[in-house]
Amino acid sequence: MVRDGEFVQALELMNQGIRLNPSVPELYYLRGYAKFSLDDYLGAEQDYSRALEISPGMADVLVARSQVRSLLTDFNGAYDDLAKAQRVDSTNVGIYISLARLKLYLKKYYGCIGDCKTAIRLGCDDESAWLLKGTAQWNLERYDEAAADFRKAMQINPANSYPLVQLGSMYLDREETDSAVFYLSKAIDIDSNNLYALFNRSIALVRKPDLDGARSDLDKVIRLAPYNSYAWFNRALLLYEKKDREGAVRDLGVVIRLNPQHVTSYYYRGAIRNELKDYRGALEDLNRAIELYPDNPDAWMIRSEVKLKLKDAAGAQQDYQMSLEVARRDPNHPDKLSDEKKSYLESIMKMSGDFEEMNTSSSKFQNQFIDIQLRDMFYIFTGKASFDRIRLYDTYGKLHYPSNIITLTSDPSLAVDSTASWLIEKMTLQVETGREVVPSLLKRALTYSGMQKYNQAFADYDSLLRLDSTYVLAWFSRALTRHGLIRLLRSLNDYEDQITIGRSSSGLREQTVTDDPEHTYALVAEDLSRAIALDPEFYFAYYNRGFVYCAMGEYDKALDDFTKALSFKENFAEALYNRGLIYILKRETALGCEDLSRAGEMGIADAYRVIKRYCFK
């Protein structure tokens, strides 16, 4: 599976192998490679380290760990690994390729070239040494030598589009536009989804000028990589150039949602909104632009114009004076929007984290689009389902439970039992005849809840709790039923019920009230707290309450609850995933990425898409 690129499936197999044979270093190495291929560098480094703890002399693992350590900016650790690998096997070509790559990243171009020559002398039989050497020559402005190296790489592997991309980008850097378009187009002929080639060709086409061709390339980049803020930004500027101001405003809005600190987007959008006579919108954007970067005299000047149009003469005069003051402090600052816009369009995003360096492919699992949401809440499940769709909670020896094992699920497709009507009739009969009244009321309430018959469900919960106020599952399930009703009410009123990262500049959407004051998130949390008071080890209740606290905007409380759930069940993948998202929201990215790495290892594949977007940039 690893060889075929099925890395998510391979992880599951490696996990099974490690559980059966935890002392086999090759299993950790293969799992680390799968994680590396999914852009989970932290998880890969941990697995490589575990392999080396078991077998310290594995040169290939040392080389692999050096690569991820360099990506994690642990350059000393990367050098140490490669030095150890050299002591084990001084003729290993991979060691010198990794040294060359590391030195290129650190801009030690002469050292990079030297290591590439050593790798070639030792018999490197692929194009990587020539590619790295050519890129170092390019950065040293040895253009003829660089072009010769890129052509050698093409000769070795004609199917690899990257030498053509580098050659085209080098010509773009030298402002040889026709040659740039020629080689970038040849790269796209080989790999039609190469984002780096498409993006750089769009810049070259702007210079020709072929704005329609550039627009087509940017459209494709955005379609393949909807989180690529560079493409959205450049397309916004292109639309402005084509007099489509409304389109430019829309695209700049996407950039701001992807990166709420992108000061230039606020500035440009404010300026364009001013031209569109949306003065309130312009003022809001320019306020934010000045807040983020107060040393731009143009922002002060445009805001002065906007305030004047909004009849704020005093404010306009203050901003005008501030613009002059800032300009005096920095006389070299560009004073025209178009100057900076053109400069940005002509920049080259070399080796950007939003582009794949080598064989760019939108089919890579972690590159696929995902609208990032918390994993959903767990509820009691009384039907039948395969084991991978349910979770079990051991209640053996605990008070206030009807059985020794409780079955739960977060799979919404299991919400309604196909035999619901028959089950209600059966439970009703048992309640009316006085047989197992409390568990029968619970089952009937759960069934009504799944059918969205909320009044009947709440009536049964109330009856049950009057009979036994210590019944943990009644408090737990009533909370879930109330949450389901809140979701329904919100959907009817066009609310976004899912808690997400990345849909708005404020991060997770805060939701504190509903239109119905009798059904609020606070009441959901209160019922879950009652369940926790009766069973302080009920980690599903902590998890669900953490989810609810997120909906209320109480992120610190949510973190505490997810952490508490993990203290009772350390391999609780959904809790790790959700806690990771909250850490990222709170800009504690390292902690978030660590949680997401563990969640991905445990089977939550979406974790790798989040890692791709937020970690190791």
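The exercises below work through a predicted model of one protein chain.

Residues are numbered from 1 along each chain as its sequence is written, and side-chain values use heavy atoms, with hydrogens and water left out. Because the model is predicted, local features need pLDDT of at least 70 and side-chain atom pairs count only at pLDDT 80 or more, while totals for chains, interfaces and linings use all residues.

**Exercise 1. The chain as a whole**

Task: Describe the protein chain by its secondary structure, burial, contacts and surface.

Solution:
- Step 1. Count the elements: the chain has 30 helices and three strands. Helices (H or I, at least four residues) and strands (E, at least two) are DSSP runs, numbered from the N terminus.
- Step 2. Take the burial: of the 617 residues, 53% are buried. Buried means under 20% relative accessible area, exposed means over 50%, and partly exposed lies in between (1.4 Å probe, protein chains only).
- Step 3. Take the contacts, where a contact means heavy atoms within 4.5 Å. Of those between residues at least 6 apart in sequence, 59% join residues at least 24 apart.
- Step 4. Take the surface: about 28300 Å² is accessible, and carbon and sulfur atoms account for 48% of that. Accessible areas come from the Shrake-Rupley method with a 1.4 Å probe; for residues, only the protein chains shown count as cover.

**Exercise 2. Three salt bridges**

Task: Place the salt bridges R65–D81, K103–D115 and K586–D556 in the chain, and state how buried their residues are.

Solution:
- Step 1. Fix the term: a salt bridge is a side-chain nitrogen of Lys or Arg within 4 Å of a carboxyl oxygen of Asp or Glu. Side chains of opposite charge can pair when their charged atoms come close. The structure holds 42 salt bridges.
- Step 2. R65 and D81 pair at 2.7 Å, N to O. R65 belongs to helix α4 (residues 59-71) and D81 to helix α5 (residues 75-88), so 16 residues separate two distant parts of the chain. Both R65 and D81 are buried.
- Step 3. K103 and D115 pair at 2.8 Å, N to O. K103 is in helix α6 (residues 93-105) and D115 in helix α7 (residues 109-121), so the bridge ties together parts 12 residues apart in sequence. K103 counts as buried at 17% relative accessibility, and D115 counts as buried at 9%.
- Step 4. K586 and D556 pair at 2.8 Å, N to O. The bridge links distant parts of the chain, 30 residues apart: K586 is in the loop between α28 (573-585) and α29 (589-601), and D556 is in helix α27 (residues 555-568). K586 is partly exposed at 30% relative accessibility, and D556 is partly exposed at 47%.
- Step 5. Return to R65 and D81: a network of salt bridges links them with E45, R69 and D74.

**Exercise 3. Helix α16**

Task: Check the span of helix α16 (residues 263-275) and state how enclosed the helix is.

Solution:
- Step 1. The expected span of a helix is 1.5 Å times one less than its number of residues. For the 13 residues of α16 this gives 18 Å.
- Step 2. The end C-alpha atoms of α16 are 19 Å apart, which agrees with the expected span.
- Step 3. Of its 13 residues, 10 are buried, so α16 is largely enclosed by the rest of the structure. Among them are Y266, Y267, Y268, R269 and R273.
- Step 4. After α16 comes K277, with a positive phi near 65 degrees.

**Exercise 4. Backbone features in loops**

Task: Locate the cis peptide bond between K208 and P209, then the positive phi angles of E175 and Q452.

Solution:
- Step 1. The bond joining K208 and P209 is cis, with omega about 0 degrees. P209 lies in the loop between α12 (195-207) and α13 (211-224).
- Step 2. E175 is not a glycine, yet its phi is positive, about 65 degrees. E175 sits in the loop between α10 (162-173) and α11 (177-190), and is exposed with a relative accessible area of 59%.
- Step 3. Q452, also not a glycine, has a positive phi of about 65 degrees. The loop between α22 (437-450) and α23 (454-467) holds Q452, which is partly exposed at 47% relative accessible area.
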